[in-house]
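Q: Hi! Could you walk me through this protein in plain words?
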Amino acid sequence: MNQKYAELFRRKMDEKSFARLEALGENEEALAFIAHAIELGEPETVFVGDDSEETAEHIRQMAIDNREETPLRIKGHTVHFDGYYDQARKKEVTKYLVPAGETMDSKLNQMPRDEGIKEMEDLQRGAYRGRTMLVRFFCLGPADTIFAIPCLQITDSCYVAHSEDLLYRKGYEAFRKLPKGAEFFKYRHATGEVDERMTSKNYEQNRVYMDYTRNTVLSVNTQYAGNTVGLKKLSLRLALRKADREGWLAEHMFIMRSNGPNGRKTYFAGAFPSACGKTSTAMIPGENIVGDDLAYFRVIDNEFRAVNVENGIFGIITDVNAKDDPVIWDVLHEPGNVIFSNILVKDSNPYWLGMGEDIPATGVNYVGEWKEGMKGPDGRETTPSHKNARYTVRMSDLKNADPDWDSPDGLKMDGIIYGGRDSDTSVPVREAYSWEHGICTMGAMLESETTSATIGQEGVRKWNVMSNMDFLSMSVGHYVNNNLEFAKHIQRPKVFGTNYFLKKDGKYLNGKLDKAVWVRWMELRAHGDAGALDGAYGLLPKYEDLKKLFLDVLKKDYSEQDYIDQFTVRIPECIDKLDRMAQIYATVSDTPKAMQDEMQAQRARLEKLRGEKGDYVSPLDLPEA
Ligand code: SPV
Ligand code: MN
């Protein structure tokens, strides 16, 4: 290590931490990044972690000692609060830093790199004073595999580092072995000034800047994990670009295993915008979870393979209850390493919306000392727990984790699911005619209808390409094209579209657990074990197959009337959707030709069916595929 770094590091850290940096060898990029963070942030001390349980436990204890987390009644459980205004990712302040001479798609939030770096350095200067700066090494995907991306996280938040210990694979040993010049991602986060509750105070000065030409993300004045945990959404934006350079895909998807007939294991990856049933699909009772949020796809030995990028779950806790989510419920009620965030605490017990139990009328929550009926600092109604309150747990604590979830070669994917949300357009499940049809009309046309729970107007459809819209670091057209081109020369998984939220007379047409049947139908279709009908915008299930599945999977009778209500092809609404998409894609400068072709062909098929059978076509009147 060069003398300059050695002197600086020795002044700030103990022997153990110093030895860990020394053992990295001549990784100039890493050492320079760490040295700069020290010079800029001026921490009191620096702690460098390794992959040991001792490091993880030390960090967890520090989070408690500095009051970023508070222990709860059950052993190993803690609660963390984010500030009142810091409860979700903030898109307006999340920007790409574009160097002079480079251009980025005009739809992406961006600013000149020089300006962004200067602003960030001004905000982070001295931000670590009186605090410990943490240096941690993790890995995206399984370490020592083709999927792996080593990561270096610098933060002054023990909550952030503790979360990463649960959510990501260890990466220190892998980092030590990195060949000279090997690529890695790096993050520098500063909590900024805190209030008496230890939450970031200067929320108007929250910034998340992606210095994407240096594989670096910088963030300040925030604690919410989506803005601070470098390996989650910050890394996804960098990974999309790396994948683009290298010819693979980084997706905002869960991975699950469906258990078919005779012990057959069938793997699906699924992209669902929030409130479209993502986690509940990944956690269907009787199936197995591989991951709930991020997936990398690669072709290996001519197979379409995927890994869970993460090692744990940062899941929405709202509506998690004993009946619908028995596995998560158990993890949240047994001793173990669990972080709750932004729930209600009363007598050291956690409570949240939709838990299916009485919730106390007073306690401590995201507002502070809370009581029912209280208004927030902005005058808005408050709730006992925040709607986006979460739990953070390890994959290995889930009883339904697929034993192969961590496989170094990834898992071969049999199907890709795009899950939207609308009350009046798409059938609960349908299969694409081809990869291209699926990518263009299901993935690239994915929409989610706002609910009364989300801010703003109810029933507004929000377009969200592959559920990856918030994380695109290239133009929409380029990203869609990468999906179209990926794995072109091998057998690609079947593509499916789901919609769990169809309504009739204001009431949902499906029960919460019906998705278990849709998944088993996709499982059969993935292997050619069920027939289908041609619904003009995809292949639809046949009544007799669903009737049998409802009985097998849910022990429920499935009536023909339910089938007709759910699987009627609603042509005017399907055409409206094509119209909305035509308008949207007219503003995308590099829409792939396949997209136009697929939309046109879909319109022609729907118009033809309408000419033959009218606006609303019962599935019983559809031809066999
Ligand atoms: C999401 O919003 O998609 C999440 C949580 O998974 S966050 O960490 O905020 O991205
Ligand atoms: Mn997500």
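Q: Cool, let's start with the ligand. How far does a polar side-chain atom of His 252 lie from an oxygen atom of ligand 1?
A: The distance is 3.2 Å. That fits a polar contact, meaning a pair of N or O atoms within 3.5 Å; within protein, one must be able to donate a hydrogen and the other to accept it, and residues adjacent in sequence count only if both atoms are side-chain atoms. Keep in mind that this is a predicted model, where local features need pLDDT of at least 70 and side-chain atom pairs count only at pLDDT 80 or more, while totals for chains, interfaces and linings use all residues. Residues are numbered from 1 along each chain as written, chains are lettered from A and ligands numbered from 1 in the order written, and side-chain values use heavy atoms, leaving out hydrogens and water.

Q: What about Tyr 224 and Asp 293, how far are they from an oxygen atom of ligand 1?
A: For Tyr 224, a polar side-chain atom is 2.7 Å from a ligand oxygen. For Asp 293, a side-chain N or O atom is 3.3 Å from an oxygen of ligand 1.

Q: And which residues surround ligand 1?
A: Going along the chain, they are Arg 89, Tyr 224, Gly 226, Lys 232, Lys 233, His 252, Asp 293, Phe 314 and Arg 390. A residue is near a molecule if one of its heavy atoms lies within 4 Å of it.

Q: New topic: what domains is the protein chain divided into?
A: There is domain 1 (3-246), domain 2 (250-310 + 406-621) and domain 3 (314-395). Those bounds come from an automatic or database domain assignment.

Q: How many residues are in contact between domain 2 and domain 3?
A: Ten residues of domain 2 contact seven of domain 3, with contact meaning heavy atoms within 4.5 Å. The C-alpha centres of these two domains are 31 Å apart.

Q: How many salt bridges are there between domain 2 and domain 3?
A: The count is one. A salt bridge is a side-chain nitrogen of Lys or Arg within 4 Å of a carboxyl oxygen of Asp or Glu. Asp 324 and Lys 512 form a salt bridge through their side chains, at 3.4 Å from N to O.

Q: How many salt bridges does the structure hold?
A: It holds 58. One of them joins the side chains of Asp 50 and Arg 20, at 3.2 Å from N to O.

Q: Last one: what does Pro 572 touch?
A: Leaving out residues up to four places away in sequence, Pro 572 touches Arg 610, Asp 615 and Tyr 616. Val 327, by contrast, is 41 Å from Pro 572, C-alpha to C-alpha, and 245 residues apart from Pro 572 in sequence.
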